[in-house]
Amino acid sequence: MLKMRRYAYTTRSKVMRMYEVMMYDGGIYRSNELLEMIEDVGGVVIQKTRSAQMFNVTMSIPGEDKEAMEKMCTDIGGMVRSVPLAGTEIAIVGPTLGRHHMPHPICDIAEILRESGSITVVMGLARGRGKATSQISMQEIDIINEYDAAIFMLGNFKSCVEAKSHLFDKISIPVILVTGPMPEGLDDLCEAIIPGVGRKSERMRTPEERKKLDDIAEKVDDVVRIKRKMLEEDPLFVHPAEIKQLLEEYEPIKESLRPAPIVLHLDGLRLKIPMKDNADAISNMTVYGRRLGDIARISESRINDSSMMIRIMTLSEVNDIDSAKKSA
């Protein structure tokens, strides 16, 4: 059984270290030193890519070691930048997958968020078309709620956008609404509204359009930061990046041919392996002397039966469970 690093978490004080996510881009020269330093400070490699003489790695490291890591990256001749949305998975939702509702701006939004480090998924609703007939099913709501945040893009007509607000009023994760006109009366239904991006039949290439994409990325970052601060008030029992490190040694994950078989979320992870074949083994993994199944909620993804979700409990939830067991 893989042992977790002793310095990553202190069980007596029960204080989780806050992590910073950074991306290094440079050559292979001395890249082993960089990987060793990530391990020494208790960090985690989220993703790494090596091609010819180039090396790219996205890392999650303790905040107090950020300055030392930046110096190391500079010393070995590479560049390092912040990727504020790394460790998140965001859904970008259009009314349908048809050409009328799935315009180029949705793809441009997905691209700009990926540049900020996020994993993005583009979705279309089964019956989202029509001002008076648009619908969203409970299954679609459950699928969207698996993500860290959702961007809804609803077109060019003000009355149509306002009439389709029911598509996201039951979504429990943060919602960012992107539209052509500025709608009225929807402020309480979403965390942010960004007008000025409607349906169009070509890519967003002009300076003004690229600036609007940057504004969307910044607004999503603001929403994600608020969610992170809420988690800091009652921290998770263990950081998702540490669970990822543990799961990387699990054989079905190592053998998986799916892209990014482990996807980090703010409060957990998505595993792209079937739950029915792996739930018991994963639940029985040891994390700081506890079963993973005792400090996390493990469930099958609503997308399909080939993926599963791990939602890590907070410190207060684990303490409440411990107290209940003692008093029983």
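## A buried salt bridge

Let's start with one pair of charged residues: the side chains of Arg270 and Glu146 form a salt bridge, with 3.0 Å from N to O. Arg270 belongs to strand β13 (residues 268-271), while Glu146 sits in the loop between α4 (138-144) and β9 (149-153), so this pair ties together parts that are 124 residues apart in sequence. Keep in mind as you explore that this is a predicted model.

Are these two partners buried or exposed? Both Arg270 and Glu146 are buried. They also have company: Glu89 joins Glu146 and Arg270 in a network of salt bridges.

## Other salt bridges

Altogether, the count comes to 17 salt bridges. Another one of them links the side chains of Arg225 and Asp221, at 3.2 Å from N to O. Both residues lie in helix α6, four residues apart, which is about one turn of the helix. Their surroundings can be described with the relative accessible area. Arg225 has 45%, so Arg225 is partly exposed. Asp221 has 12% and counts as buried, because buried means under 20%.

A further example pairs Asp294 with Arg291, whose side chains meet at 2.8 Å from N to O. Asp294 counts as partly exposed, at 33% relative accessibility. Arg291 counts as partly exposed too, at 34%.

## A negative patch on the surface

Now turn to the surface. Which residues gather there in a patch of negative charge? They are Glu115, Asp214, Glu218 and Asp222. Helix α6 (residues 207-233) supplies the largest share of this patch, three residues. Glu218 is one of the residues that lie in helix α6. You have already met this helix, as it also holds Arg225 and Asp221.

## The whole chain

Finally, step back and look at the protein chain as a whole. How many helices and strands does its secondary structure contain? There are 11 helices and 17 strands. Along its principal axes, the C-alpha trace spans about 60 × 55 × 35 Å.

How does the chain fit the picture of a compact globule? With 328 residues, such a globule would have a radius of gyration near 20 Å, and the 21 Å of this chain agrees with that. As for what is hidden inside, buried residues make up 51% of the 328 residues. Arg270 and Glu146, the pair we began with, are both buried.

Terms used: Residues are numbered from 1 along each chain as its sequence is written. This is a predicted model: local features need pLDDT of at least 70, side-chain atom pairs count only at pLDDT 80 or more; totals for chains, interfaces and linings use all residues. Side-chain values use heavy atoms; hydrogens and water are left out. Patches are made of residues with over 30% relative accessible area and no salt bridge: like charges are joined within 9 Å, nonpolar side chains (Val, Leu, Ile, Met, Phe, Trp, Tyr) within 5 Å. Accessible areas come from the Shrake-Rupley method with a 1.4 Å probe; for residues, only the protein chains shown count as cover. A salt bridge is a side-chain nitrogen of Lys or Arg within 4 Å of a carboxyl oxygen of Asp or Glu. Lys and Arg count as positive and Asp and Glu as negative; His and the chain ends are not counted. The place of a charge is taken as NZ of Lys, CZ of Arg, CG of Asp or CD of Glu. Helices (H or I, at least four residues) and strands (E, at least two) are DSSP runs, numbered from the N terminus. The radius of gyration is taken over C-alpha atoms; the globule rule is 2.2 Å times the number of residues to the power 0.38. Buried means under 20% relative accessible area, exposed over 50%, partly exposed in between (1.4 Å probe, protein chains only).
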